Amino acid sequence: MPSFLFLEAICVFLFCRVPPSLPLQEVHVSRETIEKISAANKMMWCSTAVDVLFLLDGSHSIGKGSFERSKHFAIMVSDTLDIKPEKVRVGALQFSSTPHLEFPLDSFSTLQEVKAKIKKMVFKGGSTETGLALKYLLHKGFPGGRNSSVPQILILITDGKSQGPITLPAKQLKERGVTVFAVGVRFPRWEELHVLASEPKEQHVLFAEKADDASNGLFSTLSSSAICTITSPDCQVKPHPCERRTLEIVREHAGSAPCWRGSQRTNAVLAGLCPFHRWRRVFLTYPTTCYRTTCPGPCDSQPCQYGGTCVSEGLDKYHCICPLAFGGEANCAALKLSLECRIDLLFLLDSSEGATLEGFLQAKAFVRRFVQAVLSEDSRARVGLAQFSRELVVVVPVGEYPDVPDLIRSLDSIPFSGGPTLTGGALRQVAERGFGSAARTGQDPRRVVVLLTGARSQDEVADPARYVRAQDLLLLAVGSEAMRAELEEITGSPKHMLVHADPQDLVHQIPELQRMLCSRQQPGCQAQSLDLVFMLDASASVGPDHFSQMQSFVRSCILQFDVNPDMTQVGLVVYGSRVQTAFGLDTHLTQAAVLQAMSQAPVLGGVGSAGTALLHIYDSVMTVQKGARPGVPKAVVVLTGGMGAEDAAVPAQKLRNNGVSVLVIGVGPVLREALWRLAGPWDSLMHVAAYGDLSYHQDALIEWLCREAKRLVNLCKPSPCVNEGTCILQNGSYRCECRGGWGGPHCENWVLRETAPKGGSQHVPAGGQWPFPSSQPQRRPEPAGR
């Protein structure tokens with residue numbers, strides 16, 4: 001055999017061995033719907049006078065494995081038939097090279113007999129003569145059937161690769177009133193199945209390899225024609241998009257190669273180029289519509305509460321997979337929580353007019369559910385209840401209740417008072433008398449206030465909240481999404497608040513509140529000094545909406561720092577059509593003032609230059625004259641959309657050389673190369689996919705800033721000396737060597753060079769050198785020049 005013919009034979013053999021597990025028909029529906037399609041088969045029943053004949057392809061192209069799956073499909077269909085002589089009659093015929101009657105329709109009168117006979121059918125093998133089998137039926141009719149006095153249904157299971165003509169006999173059979181279902185098996189040729197099937201084609205062409213789906217499709221069609229019925233009136237036949245594929249082996253030209261051919265002349269051989277081919281597997285796709293029956297499932301009513309997942313178990317049973325904190329009942333209706341920590345907990349409920357009666361009742365329901373889930377006889381937590389509007393009213397002092405039912409009765413009896421929403425005043429009163437007046441010792445439990453509010457405060461909250469936290473109270477807050485900014489201001493950290501879009505979702509956050517109560521906040525860098533400047537891209541490429549998101553992100557970060565002249569100072573620079581200092585390092589001395597000023601920063605529009613903005617910070621913001629403190633770590637955080645960063649690498653390095661750390665946060669599809677040059681060190685660049693994702697990177701930013709706040713600093717960078725004075729390190733401190741008649745600790749004073757009169761006065765030291773002592777080592781010197 002020529003080598004290329006041998007290779008061709010090998011390729012055909014290998015392709016024929018492709019397993020039939022590939023999904024050659026897919027109904028494009030959810031997994032839940034697929035399960036419903038499978039379950040609906042058990043609710044279908046055919047109990048009318050009808051003759052059903054299975055015509056099974058037993059040729060070699062099918063193979064024994066697919067033939068067994070064809071038998072399985074026939075048995076599954078038979079399970080839904082009321083097989084009796086006067087009702088449904090079933091017969092079977094196998095065809096390959098010739099048709100072979102397995103059993104006529106009048107042979108068996110029970111389902112068990114039919115199933116047993118189908119199971120015993122033996123694979124014959126041979127060629128695929130589908131046309132001969134159809135002619136056999138045209139000549140002899142349905143063997144043992146009742147002719148045309150009852151509906152006749154032919155279920156033809158084949159791969160659709162007939163070796164003879166099929167169009168005419170299929171047409172004649174259907175013209176005699178026979179309903180033909182063409183059911184594909186293995187790798188079916190769908191176009192041939194469409195020729196065989198009755199109209200409408202989409203409802204009479206199926207795929208036996210997915211027996212549940214094919215059985216459902218068959219009975220969905222029969223139920224539409226009133227031959228079969230569905231036991232549940234709630235079940236419906238619906239169209240679904242689906243896709244059918246078939247595997248074809250195609251021969252394609254792959255090139256040419258030198259070869260030698262004989263000639264008619266004796267002893268002559270001619271050299272030339274001969275074509276060679278290769279075999280390739282090709283899937284042909286047929287988009288279509290599949291009609292399937294689905295019935296309501298036990299999970300349709302969503303019986304699993306509080307985020308539980310419903311898993312169907314047949315037609316009427318289910319079980320719930322509950323979240324860790326929920327369980328104890330079949331539908332995840334019971335909470336399973338405990339407080340392992342020892343705490344004194346005061347719930348502070350907003351009963352003002354702005355909170356509304358409905359909101360007040362929802363807050364009480366949340367507290368009631370929490371108490372029921374968490375408190376037990378051996379609980380280490382003690383609970384108290386208070387409400388406020390105009391004044392604070394402590395309803396149940398912390399721990400002063402005989403048992404949990406009594407605490408719940410006291411909670412239910414709290415009336416709605418109305419009145420103004422004076423949250424700030426209530427917080428201050430909680431710190432003063434919410435936990436009694438006894439002096440605290442190191443053995444006392446942790447004290448926690450949980451504020452539940454539904455309206456913006458009508459008085460100032462920042463200072464009272466800071467006062468509460470200063471009394472060693474953990475302050476947590478629960479409120480709506482519209483209250484987010486005020487809740488952040490009250491708690492001092494987004495990690496200490498629970499925000500909901502719908503009050504009905506509050507109960508889902510009980511496990512999160514339990515986690516907050518027993519977790520200890522990391523110290524972070526609240527006790528570190530830092531000069532911090534945020535530089536925001538306010539150009540037209542960012543736009544007002546995204547700029548607002550940057551402002552919100554920066555506000556949230558500022559809440560993590562103790563803003564005052566001795567700890568953290570914050571400045572803001574915006575750039576776009578121009579560069580503008582929104583406020584300097586020493587402009588605002590409190591956190592509340594910085595947060596308010598941050599909200600008022602302008603959007604400049606135009607084309608921005610990050611390089612120009614960084615030079616502005618170097619010259620006019622991060623200087624002693626503008627509030628920068630000698631010996632205090634300094635950092636600039638750049639938030640940019642990436643445009644205008646091409647010129648920023650050199651100014652950024654200039655700041656670093658002067659002792660100022662620079663972190664770059666690039667948002668969206670930024671110019672990465674330019675930002676890498678701008679960022680410098682590998683850990684000084686963060687990339688955020690979208691402005692809405694900034695909050696996910698807050699922890700990383702705070703960690704970077706805290707690390708920078710703890711680094712060693714050079715007291716002379718940036719130089720505290722003005723008027724061209726030179727900073728000189730000396731004995732853990734520094735001094736300024738002044739020039740040109742300037743003097744003072746930082747060369748800020750003009751000094752006249754003249755000798756003092758007799759009487760003890762001294763000359764100003766030559767060169768204007770003024771030593772500047774420090775009470776701290778180089779790592780943390782006392783701020784100078786303030």
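## Contacts along the chain

Among contacts between residues at least 6 apart in sequence, 73% join residues that are at least 24 apart in this chain. The model is a predicted one, and within it the chain holds 21 helices and 30 strands. Of the 786 residues, 50% are buried. The sections below take up two sheets, the helices that lie on them, and two pairs of packed helices.

## The sheet with strand 14 and strand 17

Six strands make up an open sheet with mixed pairing, and their order is 16-15-14-17-18-19. Because strand 16 (392-396) and strand 19 (497-500) each have a single partner strand, they stand at the edges, and one side of each is left without a neighbour in the sheet. On average, and with direction ignored, neighbouring strands of this sheet are turned by 20° against each other. Within the sheet, strand 14 (residues 343-350) pairs with strand 17 (residues 446-452) in the parallel sense, over seven bridges, and Phe 347 stands opposite Val 450 in strand 17.

Helix 14 (residues 484-491) packs on this sheet, where it touches strand 17, strand 18 (473-480) and strand 19, and the direction of helix 14 makes about 175° with that of strand 18. Helix 15 (residues 510-518) lies across strand 14, strand 17, strand 18 and strand 19, and runs at about 145° to strand 17.

## Helix 10 against helix 15

Helix 15 also meets another helix: its axis and that of helix 10 (residues 357-374) come within 11 Å and cross at roughly 65°. At that angle, helix 10 is roughly perpendicular to helix 15, and the crossing of the two is right-handed. On the side of helix 10 the contact is made by Phe 366, Arg 369 and Phe 370, and on the side of helix 15 by Ile 510, Leu 513, Gln 514 and Leu 517. Sorted by class, the residues in the contact of helix 10 with helix 15 are five nonpolar, one polar and one charged.

## The sheet with strand 20 and strand 23

Another open sheet of six strands has the order 22-21-20-23-24-25, and its pairing is mixed. Strand 22 (579-583) and strand 25 (685-688) stand at the edges with a single partner strand each, so one side of each is left without a neighbour in the sheet. Neighbouring strands of this sheet are turned by 20° against each other on average, if direction is ignored. Helix 18 (residues 610-620) lies across strand 20, strand 21 (568-575), strand 22 and strand 23, and runs at about 155° to strand 20.

Which strands pair with strand 23 in the parallel sense? Strand 20 (residues 530-537) does so over six bridges, and strand 24 (residues 660-667) does so over seven bridges. Between strand 20 and strand 23, Asp 531 stands opposite Lys 634, while the bridge partner of Leu 536 is Leu 639. Towards strand 24, the bridge partner of Val 638 is Val 664.

## Burial of strand 23

Seven of the seven residues of strand 23 (residues 634-640) are buried, so this strand is largely enclosed by the rest of the structure. In a regular strand, side chains alternate between the two faces of the sheet. In strand 23, Lys 634, Val 636, Val 638 and Thr 640 point one way, whereas Ala 635, Val 637 and Leu 639 point the other way, and all of these residues are buried. Lys 634, which stands opposite Asp 531, is thus listed among the buried residues of this strand.

## Helix 5 against helix 6

Two packed helices are described by the angle between their axes and the distance between the axes. For helix 5 (residues 130-140) and helix 6 (residues 167-175), the axes come within 9 Å and cross at roughly 30°. Since angles under 35 degrees count as roughly parallel, helix 5 and helix 6 are therefore roughly parallel to each other. Helix 5 passes helix 6 in a left-handed crossing.

Gly 131, Leu 134, Lys 135, Leu 137 and Leu 138 of helix 5 meet Pro 169, Ala 170, Gln 172 and Leu 173 of helix 6. By class, six nonpolar, two polar and one charged residues take part in the contact of helix 5 with helix 6.

How values were computed: Residues are numbered from 1 along each chain as its sequence is written. This is a predicted model: local features need pLDDT of at least 70, side-chain atom pairs count only at pLDDT 80 or more; totals for chains, interfaces and linings use all residues. Side-chain values use heavy atoms; hydrogens and water are left out. Two strands pair if DSSP finds at least two bridges between them. Helices (H or I, at least four residues) and strands (E, at least two) are DSSP runs, numbered from the N terminus. Axes are lines fitted to C-alpha atoms, for helices over the stretch in contact, and angles run from 0 to 180 degrees between N-to-C directions. Contact means heavy atoms within 4.5 Å. Buried means under 20% relative accessible area, exposed over 50%, partly exposed in between (1.4 Å probe, protein chains only). Angles under 35 degrees count as roughly parallel, over 145 as roughly antiparallel, 65 to 115 as roughly perpendicular and the rest as oblique. A crossing is left-handed if the near helix is turned anticlockwise from the far one by less than a right angle, and right-handed if clockwise. Ala, Val, Leu, Ile, Met, Phe, Trp, Tyr, Cys and Pro count as nonpolar, Asp, Glu, Lys and Arg as charged, and the others, Gly among them, as polar.
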